[in-house]
Amino acid sequence: GALLVNERIDREELCGALSPCSLSFEIVVENPLELYSGTVEIQDINDNDPVFPSSQARLEISESVAAGARFPLESAQDPDVGINSLQTYQLSANPNFALDVQTRVDGSKYAELVLEKELDREEQRELNLVLTALDGGSPPRSAHVQIHIDVVDANDNAPVFNQSTYKASVRENTPSGTLVARISAYDLDDGPNGDIVYSFSSHTPAKVRELFALDSATGELRVKGQLDYEETKLYEIYLQAKDKGAVPGVAHCKVLVEVVDVNDNAPEVTVTSVYSPVPEDAAPGTVVALLSVTDLDSHDNGLVSDVNDNAPKASQDSYDVYVLENNMPGIPILNVSATDPDLGRNAHLSYTLLHGDTTLGHLFSINRENGTLYLLTSLDHEDQVEFSMMVQVQDGGFPPLATNVSVSVFVADLNDNAPVVLYPHPNSTTTTYTDVVAPGTPAGHMVTKVVAVDADAGYNAWISYTLLQATDPSLFSVGLHNGEIFTARQLREDDAPEHTLVILLKDHGEPVLSTSATISISVAEMVKEVLTDLTDVAPANDPRRHVTFYLILAVILVSAAFFITMLSVGIFKCYKWRQSKELYNSSRSTTYRTPGPFHHIDAVRGGFTPPSFYHQVYLTTDSRQSDLLCKKPFTSSPLGSRQGTIRNGEPGLYHQIVGTASRLPTPAE
């Protein structure tokens, strides 16, 4: 069972740059039958020196090149790996240049000259430097190259690439001549100094030059050799652009070429027979042969085929999305995420928006490939607050499997609506709202109320009221949150008869939106005074002013007739009441207490609120026998509303009021 070395082992010949380098084998043991796998790792020793492509390098650098410019140098190659491979570079001492050692993605090193001090051709026409490459062995091995630098006058402008790094992908086994990438550079100079020639940089490995070809005139990088994903998955190609000037300007770029795997390797089946032939009396379960299957391809190309037996699974069953109203159309608001453990087409997911409501199709759209939900139009919180929809995630198997995800979109409110005044109506042109307050009214009496609404929600709809302007600021005050206007002090005889208040209404949104309302208040005691005020504020150019006068006169006459009728009825009721009183006294009964005489009916107005909001309460001298008289619908003026209260009152209610004074008191009274 001893494993022996059959011939001299050269790791570089067996594995090249691949690390670790290993050889695999299998051993079959009989009686009992067992199979063993073994691996021999070939360890590297530092038996190779770094090697430069040439022993000398020549550079031409213009004296106009600014400090900080970089110049790639020839890279050394070392077939050893690990610590024994090329590790660093060293540059001989000089006053102008420093050395910057860079590392490629594969771990290899390359060096660039960095100009630290600008060159002066008149002071020094040429420089000679020595570049040393060192590996990491013990002791280290090295290689040297002579660098000769000519300092000359050159172009004012060097070529410039439109990007420093290009990325491309190409399938393995792609035919020769296939375009991989096209690099492009420009030079601001004219003539030959502006003509650009593309080429590989000096430190581009020879293997890359064998696999790719570069058109020096167009900058097209094409496949030249046979690409193999199993050998190399990524190529880092360094290219340069030179102009045709006497001292050519140089620009450098990098192209990253990713090799895409294709299913170009058939599975390999290894069969090891143990019994041949197989005895006819072999017991069931007897091992006849051992089989192993391998495939050099990667990912799906190297696995057994998949069955679509898994439905897509979303990261969460439902989503709640909050969007501010007045949004920009076309913005993404959600990414529905789902996975499918199947492979290939069975795991390819597509996203569909199920339109339970046909209007949703005009508002929302979803990217079929990545599940991004877009909002197609601007939403309005005042129009609709919530949208509910269903997103279906379906795989590409046959038959396809699907999962539904619930999505709720909530429209958050913005302060985009200013308060709107309902009373007094801001656009009224035919009706003047004038509230009346009697002289001598005490402080704290509610005169009227500003009524407003805000279409927004929450704090955006919370309205505050402020007295912005007044004929006499000391006379009236306004409730901060209810808009009720009160007398701030008792009215005096020397107060102005007409007052105009400007109320500022503000919401609590950000930014604050506001509006204003104008209130007219008359200090009057008689109906005549009110009528005079109303006539004064009527538009002078109203062609119907005579009609309005006759209407007001008719109202006064009807009211006077009504008042006389009511007075007559009152006298008649008093007469009847006195008769009942005498009848009561004649009964000589002291069980009941006789109520005092009915003097009059008190009319108390519960605050001068707008005509459609206040009510009238009528009381007898004994308030326990009072009844409520409701107001009929809106009339055209404060005076009309007061007169209409009595005129439009329900007859039954009125008779109930006066009737309470004529009935006998109960024992409890």
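## Strand pairing around β38

Two strands are taken to pair if DSSP finds at least two bridges between them, and strand β31 (residues 434–437) meets this condition with strand β38 (residues 514–523), since four bridges join the two. The model discussed here is predicted, and in it β31 and β38 run parallel. Within this pairing, Asp435 stands opposite Ile521 of β38.

Strand β38 also pairs with strand β37 (residues 498–506), here in the antiparallel sense and over nine bridges. One position in that pairing can be followed residue by residue, as Thr500 has Ser520 of β38 for its bridge partner. Strands of a sheet pair through backbone hydrogen bonds, either parallel or antiparallel; β38 takes part in a parallel pairing with β31 and in an antiparallel one with β37.

## The sheet β3-β9-β8-β5

Four strands form an open sheet in the order β3-β9-β8-β5, and the pairing among them is mixed. At the edges stand β3 (56–62) and β5 (86–91), each of which pairs on one side only. Averaged over the sheet and with direction ignored, neighbouring strands are turned by 25 degrees against each other.

Strands β8 (residues 126–135) and β9 (residues 142–152) run antiparallel and are joined by nine bridges. In this pairing Leu131 stands opposite Val145 of β9. In a regular strand the side chains alternate between the two faces of the sheet.

## The sheet β22-β29-β28-β25

A further open sheet consists of four strands in the order β22-β29-β28-β25, again with mixed pairing. Its edges are formed by β22 (318–324) and β25 (349–354), each of which has a single partner strand, so one side of each is left without a neighbour in the sheet. The average turn between neighbouring strands of this sheet, direction ignored, is 25 degrees.

Edge strand β25 is joined by six bridges to strand β28 (residues 386–395), and the two run antiparallel. Leu353 illustrates the register of this pairing, with Val391 of β28 as its bridge partner.

## Salt bridges

The structure holds 13 salt bridges. Among them is the pair Asp150 and Arg58, whose closest N and O atoms are 2.9 Å apart. Asp150 belongs to strand β9 and Arg58 to strand β3, so the contact ties together parts that are 92 residues apart in sequence. The two partners differ in their surroundings: Asp150 counts as buried, because its relative accessibility of 11% falls under the 20% limit, whereas Arg58 counts as exposed at 57%.

Another salt bridge links the side chains of Arg70 and Glu112, with an N to O distance of 3.1 Å. Since Arg70 lies in strand β4 (residues 70–72) and Glu112 in strand β7 (residues 109–115), this pair connects parts that are 42 residues apart in sequence. Arg70 is partly exposed, with a relative accessible area of 40%, while Glu112 is buried, with a value of 13%.

A salt bridge is also formed by Asp495 and Arg489, the closest N and O atoms being 2.9 Å apart. Here Asp495 is buried at 11% relative accessibility, and Arg489 is buried as well, at 15%. Elsewhere, Arg11, Glu12 and Asp44 are linked in a network of salt bridges.

## A nonpolar surface patch

Val5, Ile9, Leu14 and Leu23 form a nonpolar patch on the surface, and together they have about 360 Å² of accessible area. Ile9 is placed in the segment before α1 (11–15). With a relative accessible area of 38%, Ile9 is partly exposed, and this value is over the 30% that a residue needs in order to be counted in such a patch.

## The annotated transmembrane region

An unreviewed UniProt entry places the feature "transmembrane region" at residues 549–572. In the predicted model the chain over residues 549–572 is 100% helix and 0% strand, and the C-alpha atoms at the two ends are 35 Å apart. The annotation comes from the UniProt record, whereas the helix content and the end-to-end distance are computed from the model.

Notes. Residues are numbered from 1 along each chain as its sequence is written. This is a predicted model: local features need pLDDT of at least 70, side-chain atom pairs count only at pLDDT 80 or more; totals for chains, interfaces and linings use all residues. Side-chain values use heavy atoms; hydrogens and water are left out. Patches are made of residues with over 30% relative accessible area and no salt bridge: like charges are joined within 9 Å, nonpolar side chains (Val, Leu, Ile, Met, Phe, Trp, Tyr) within 5 Å. Accessible areas come from the Shrake-Rupley method with a 1.4 Å probe; for residues, only the protein chains shown count as cover. A salt bridge is a side-chain nitrogen of Lys or Arg within 4 Å of a carboxyl oxygen of Asp or Glu. Buried means under 20% relative accessible area, exposed over 50%, partly exposed in between (1.4 Å probe, protein chains only). UniProt positions are given in the numbering used here, feature names are shortened, and annotations may be inferred rather than shown by experiment. Axes are lines fitted to C-alpha atoms, for helices over the stretch in contact, and angles run from 0 to 180 degrees between N-to-C directions.
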